[in-house]
Amino acid sequence: MNLYAILAIYRFEMARTFRTLLQSIISPVISTSLYFVVFGAAIGSRIDEVEGVSYGAFIVPGLIMLSVITQSISNASFGIYFPKFIGSIYEHLSAPASFLEITAGYVLAAATKSLAIGLIILITAFFFVDITLQHPVWMLVFLVLTCLSFSLFGFIIGIWAQNFEQLQLVPLLLVQPLIFLGGAFYSASMLPPLWQTVSLFNPVVYLVSGFRWSFYGLADVPIGWSLLAILAFTLICMAIVGWIFRTGWRLRD
């Protein structure tokens, strides 16, 4: 394992983050804070509790998941797309580094950024609502796994995209609707029986449910299924990345 290659890519990506601190860190935190104001204050004043938890506190895990997933995809996809755009990707491919080491450098950097954003938003949430963490270790486990898995997914999108429009296509048309329909702002138990069944086909439901369970002990699906879902998604993304580097798809053409 070429740790120097991983560290070089990781440090380069993290340095880019600090050069664009306003866009990379502060902007998503402010955007999520506005969600707290709008949903927590305006809508929360009309909804007393959801399963024994105040609505403002209930949506905190969903808001964190919303920011973490979108930022993981955005950071990783742009991180690998830009070298393709300017042509420096060939330096990575010709360097003495395997695809695992190249992927690890970009994915770990993207996951670190989104993890930092998630933790900052969590700290910020304490100023708006009363939050309890019943399972803090599991909260970190779900947060880290989500950052890693969706950074891998964003890495795939960055390789697939051939222009900046395509770079935003999947997050806007697929990922964000799945997040908003994945129980970020409501519990699946509030839906009619038919739509409860339909929601089980949304993978984001399992992530939000497991993450919310780590806060309040409330879950729409068994915690084991949530862990299995995110681990399966991570393995699928790793398999796709391996295939991309073996075949050179969208890298050498």
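Where is Glu51 found?

## A turn between two strands

Glu51 is found in the loop between strand E1, residues 49–50, and strand E2, residues 53–54. Keep in mind throughout that this is a predicted model. The backbone at Glu51 is worth a look: phi is near 55°, a positive value in a residue other than glycine.

How much of Glu51 is open to the outside? Its relative accessible area is 39%. Glu51 therefore counts as partly exposed, since that label covers the range between under 20% for buried and over 50% for exposed.

## Salt bridges around Glu13

Next up is Glu13, which sits in helix H1, residues 3–19. Glu13 has a relative accessible area of 2%, so Glu13 is buried, the cut-off being under 20%.

How many salt bridges does a search of the whole structure find? The search turns up 2. One of the pairs is Glu13 with Arg16, whose side chains meet with an N to O distance of 2.5 Å. These two residues are separated by about one helical turn, because they are 3 residues apart in helix H1. Arg16 is buried, just as Glu13 is.

Glu13 also forms a salt bridge with Lys113, and here the closest N and O atoms are 3.8 Å apart. This pair links distant parts of the chain, with Lys113 in helix H6 and Glu13 in helix H1, 100 residues apart. Both Lys113 and Glu13 are buried. Put the pieces together and you get a network of salt bridges linking Glu13, Arg16 and Lys113.

## How H4 and H8 pass each other

Now for some helix geometry. Helix H4 covers residues 60–86 and helix H8 covers residues 164–180; their axes come within 11 Å and cross at roughly 165°. That makes H4 roughly antiparallel to H8, because angles over 145 degrees fall into that class. As for handedness, H4 passes H8 in a right-handed crossing.

## A nonpolar patch on the surface

Which residues make the nonpolar surface patch of about 530 Å²? The patch is made by Val37, Val38, Ile123, Phe127 and Phe128.

Phe127 is a handy one to zoom in on. You'll find Phe127 in the loop between helix H6, residues 99–125, and helix H7, residues 136–160. Is Phe127 buried or exposed? Phe127 is exposed, because its relative accessible area is 72% and the cut-off is over 50%.

## Distances along and across the chain

A few C-alpha separations help with getting your bearings. Glu13 and Ala219 are 206 residues apart along the chain, and their C-alpha atoms are separated by 36 Å. Ile9 and Asp48 are 39 residues apart along the chain, with 48 Å between their C-alpha atoms. Ile9 is found in helix H1, and Ile9 is buried, with a relative accessible area of 10%.

Then there's Tyr206, placed in helix H10, residues 203–216. Tyr206 and Asp220 are 14 residues apart along the chain, and 7.9 Å separates their C-alpha atoms. Why does Tyr206 count as buried? Its relative accessibility is 16%, and buried means under 20%, so Tyr206 falls in that class.

How values were computed: Residues numbered from 1 in each chain as written. Predicted model: local features only at pLDDT ≥ 70, side-chain atom pairs only at ≥ 80, totals over all residues. Heavy atoms only, no water. Patch = residues over 30% accessible without salt bridge, like charges linked within 9 Å, V, L, I, M, F, W, Y side chains within 5 Å. Areas by Shrake-Rupley, 256 points an atom, 1.4 Å probe, with all protein chains shown as cover. Salt bridge = Lys/Arg side-chain N within 4 Å of Asp/Glu carboxyl O. Helix = DSSP H or I, 4+ residues; strand = E, 2+ residues; numbered from the N terminus. Buried < 20%, exposed > 50% of the residue type's maximum accessible area, 1.4 Å probe, protein only. Axes fitted to C-alpha atoms, helices over the stretch in contact; angles between N-to-C directions. Parallel < 35°, antiparallel > 145°, perpendicular 65-115°, else oblique. Left-handed = near helix turned anticlockwise from the far one by under 90°.
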